[in-house]
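User: Got a minute to go through this one with me? I'd like to talk about what holds it together.

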Amino acid sequence: MGYRKQPKPLILTFENDEELAGLEVHVRRKSLGEYLEIVGLAESDIDGPVLVRQLEEFTRSLISWNLEEEDGTPVPPSRDAVFAQDKDLMLKVATRWIERLEGVVDAPLPESSPAGEPSPEASIPMEPLSSHPTPTAVPA
């Protein structure tokens, strides 16, 4: 019996962006070939056609999101709906998508993180042991 992969979506969140806090976007993962093409597009000079191709690829990957219009109407996860949204909003979402494909995680350090403190190993004295230990006097 072989291993069957279970596709899991990428979930994009925006906790560190005051304007987009609460937005959650579910997108399909990409194959290695698709990822390399997207990254290749991102590394080239961004011009109209390249940006359009990136956004088209994003719309093909979009599964669902909790985006709503100003009146509370849900925005469908479709190409037409994506291209009807505010440019800055969609560029932020698409940029986060590319970052997640690249493995960038937007998560704060856990509370238990030493936050840059030196590791304990750095403070352990590392003096060489002498080859002939000197006997210590034991009080009688």
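**Chat notes**

Analyst: Sure. Arginine 96 counts as buried, because its relative accessibility is 15% and the cut-off for buried is under 20%. Keep in mind that this is a predicted model.

User: OK, what does the side chain of arginine 96 meet in a salt bridge?

Analyst: Glutamate 99, at 3.4 Å from N to O. Both sit in helix α4, and because they are 3 residues apart there, about one helical turn separates them. Glutamate 99 is partly exposed, with a relative accessible area of 28%.

User: How many salt bridges turn up in the whole structure?

Analyst: The search finds 8. One of them joins glutamate 57 and lysine 30, with the closest N and O atoms 2.5 Å apart. Glutamate 57 is in helix α2 and lysine 30 in the loop between β2 (24–27) and α1 (32–43), so this pair ties together parts 27 residues apart in sequence.

User: Are glutamate 57 and lysine 30 buried or exposed?

Analyst: Buried, both of them.

User: And what about arginine 79 and aspartate 80, how far is it from N to O there?

Analyst: That salt bridge is 3.9 Å, N to O. Arginine 79 counts as partly exposed at 39% relative accessibility, while aspartate 80 counts as exposed at 60%.

User: Which residues are linked in a network of salt bridges?

Analyst: Asp17, Glu19 and Lys92.

User: Switching to rings. How many aromatic pairs does a search of the whole structure find?

Analyst: Just 1. Phenylalanine 58 and tryptophan 97 pair edge-to-face, 5.5 Å centre to centre with 70° between the planes. The edge-to-face label applies because planes over 60 degrees apart count that way.

User: Where in the chain are those two?

Analyst: Phenylalanine 58 is in helix α2 (residues 48–61) and tryptophan 97 in helix α4 (residues 87–101), so the pair links distant parts of the chain, 39 residues apart. Phenylalanine 58 counts as buried at 0% relative accessibility, and tryptophan 97 counts as buried at 0% too.

User: Now the surface. Which residues form the negative patch?

Analyst: Glu68, Glu69, Glu70 and Asp71. Glutamate 69 lies in the loop between β3 (62–65) and α3 (79–84), and it is partly exposed, with a relative accessible area of 38%.

User: Last thing, what's the order of elements from the N terminus on?

Analyst: They run β-β-α-α-β-α-α, with 4 helices and 3 strands in the protein. Of its 140 residues, 26% count as buried.

Methods
Residues are numbered from 1 along each chain as its sequence is written. This is a predicted model: local features need pLDDT of at least 70, side-chain atom pairs count only at pLDDT 80 or more; totals for chains, interfaces and linings use all residues. Side-chain values use heavy atoms; hydrogens and water are left out. Patches are made of residues with over 30% relative accessible area and no salt bridge: like charges are joined within 9 Å, nonpolar side chains (Val, Leu, Ile, Met, Phe, Trp, Tyr) within 5 Å. Accessible areas come from the Shrake-Rupley method with a 1.4 Å probe; for residues, only the protein chains shown count as cover. A salt bridge is a side-chain nitrogen of Lys or Arg within 4 Å of a carboxyl oxygen of Asp or Glu. Lys and Arg count as positive and Asp and Glu as negative; His and the chain ends are not counted. The place of a charge is taken as NZ of Lys, CZ of Arg, CG of Asp or CD of Glu. Buried means under 20% relative accessible area, exposed over 50%, partly exposed in between (1.4 Å probe, protein chains only). Rings of Phe, Tyr and Trp (its six-membered ring) pair if their centres lie within 6.5 Å; planes under 30 degrees apart count as stacked, over 60 as edge-to-face and the rest as tilted.
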